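Work through the exercises below with the sequence and the coordinates open. Each task is followed by a solution in steps.

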Amino acid sequence: REFQNMADRLTQLQEAVNQLGDYFCNSIGILQQSGAEQAQQNESKDPATLHEENSALFSNLISRTAQDIDILIEHLPSQECTPEKQVESLRRLEHENKQAAERLTKAVEEGEALLKRIREALREICDSQLGISDSEKPNR
């Protein structure tokens, strides 16, 4: 579980770093586009307002993603994860897996025994019902 969590955190960290790179690239593109629009004086919206809105949006996205990256880094396992601890953890997981397999085998055996008892009870009920039906039928 510990190793799975670490891999999940590393994947999340990689995705956050990629997202941060995307935000940086997009913000640079927007800034370049805003500069070109200012030169053309876009009539639909004030270029300064558009530039401020885009700057605010990307600064928020970049700062939020940077905070997420900091949190993910804080939750990564420490350097204390030695090969010996990894081997011990794997042994513990194997032991837990073996116990779970034993419990599953026992549950299956109990389920099969219960199914056998239910089938026998149904057979007895059917035989009983057929016996009543046969005695009630008129002789032909």
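The exercises go from the whole chain to single residues.

The model is predicted, so local features need pLDDT of at least 70 and side-chain atom pairs count only at pLDDT 80 or more, whereas totals for chains, interfaces and linings use all residues. Residues are numbered from 1 along each chain as its sequence is written, and side-chain values use heavy atoms, with hydrogens and water left out.

**Exercise 1. Describe the secondary structure and the surface of the protein chain.**

Step 1. Helices (H or I, at least four residues) and strands (E, at least two) are DSSP runs, numbered from the N terminus. The protein chain has three helices and zero strands, in the order α-α-α.

Step 2. Accessible areas come from the Shrake-Rupley method with a 1.4 Å probe; for residues, only the protein chains shown count as cover. The accessible surface of the protein chain is about 11,500 Å², and carbon and sulfur atoms hold 53% of that area.

Step 3. Buried means under 20% relative accessible area, exposed over 50%, and partly exposed in between (1.4 Å probe, protein chains only). Of the 140 residues in the protein chain, 11% are buried.

**Exercise 2. Find the largest nonpolar core and the elements that supply it.**

Step 1. A nonpolar core is a set of buried Ala, Val, Leu, Ile, Met, Phe, Trp, Tyr and Cys residues joined through side-chain atoms within 4.5 Å.

Step 2. The largest such core has nine residues: Leu-13, Ala-16, Leu-20, Tyr-23, Phe-58, Leu-61, Ile-62, Ile-69 and Leu-72. Two or more residues come from each of α1 (2-40) and α2 (47-74), and α2 gives the most, with five.

**Exercise 3. Which residues does Thr-65 contact, leaving aside its neighbours within four places in sequence?**

Step 1. Thr-65 lies in helix α2 and counts as buried because its relative accessibility is 8%.

Step 2. With contact taken as heavy atoms within 4.5 Å, Thr-65 touches Ala-16, Gln-19, Leu-20 and Tyr-23. Ala-16, Leu-20 and Tyr-23 are also among the residues of the largest nonpolar core.

**Exercise 4. Classify Leu-114, Cys-25 and Cys-126 by exposure, and count the disulfides.**

Step 1. Leu-114 sits in helix α3 (residues 83-136). Leu-114 is partly exposed because its relative accessible area is 43%.

Step 2. Cys-25 is exposed because its relative accessible area is 56%, whereas Cys-126 is partly exposed at 44%.

Step 3. With a disulfide defined as a pair of cysteine sulfur atoms within 2.5 Å, the structure holds zero disulfides.
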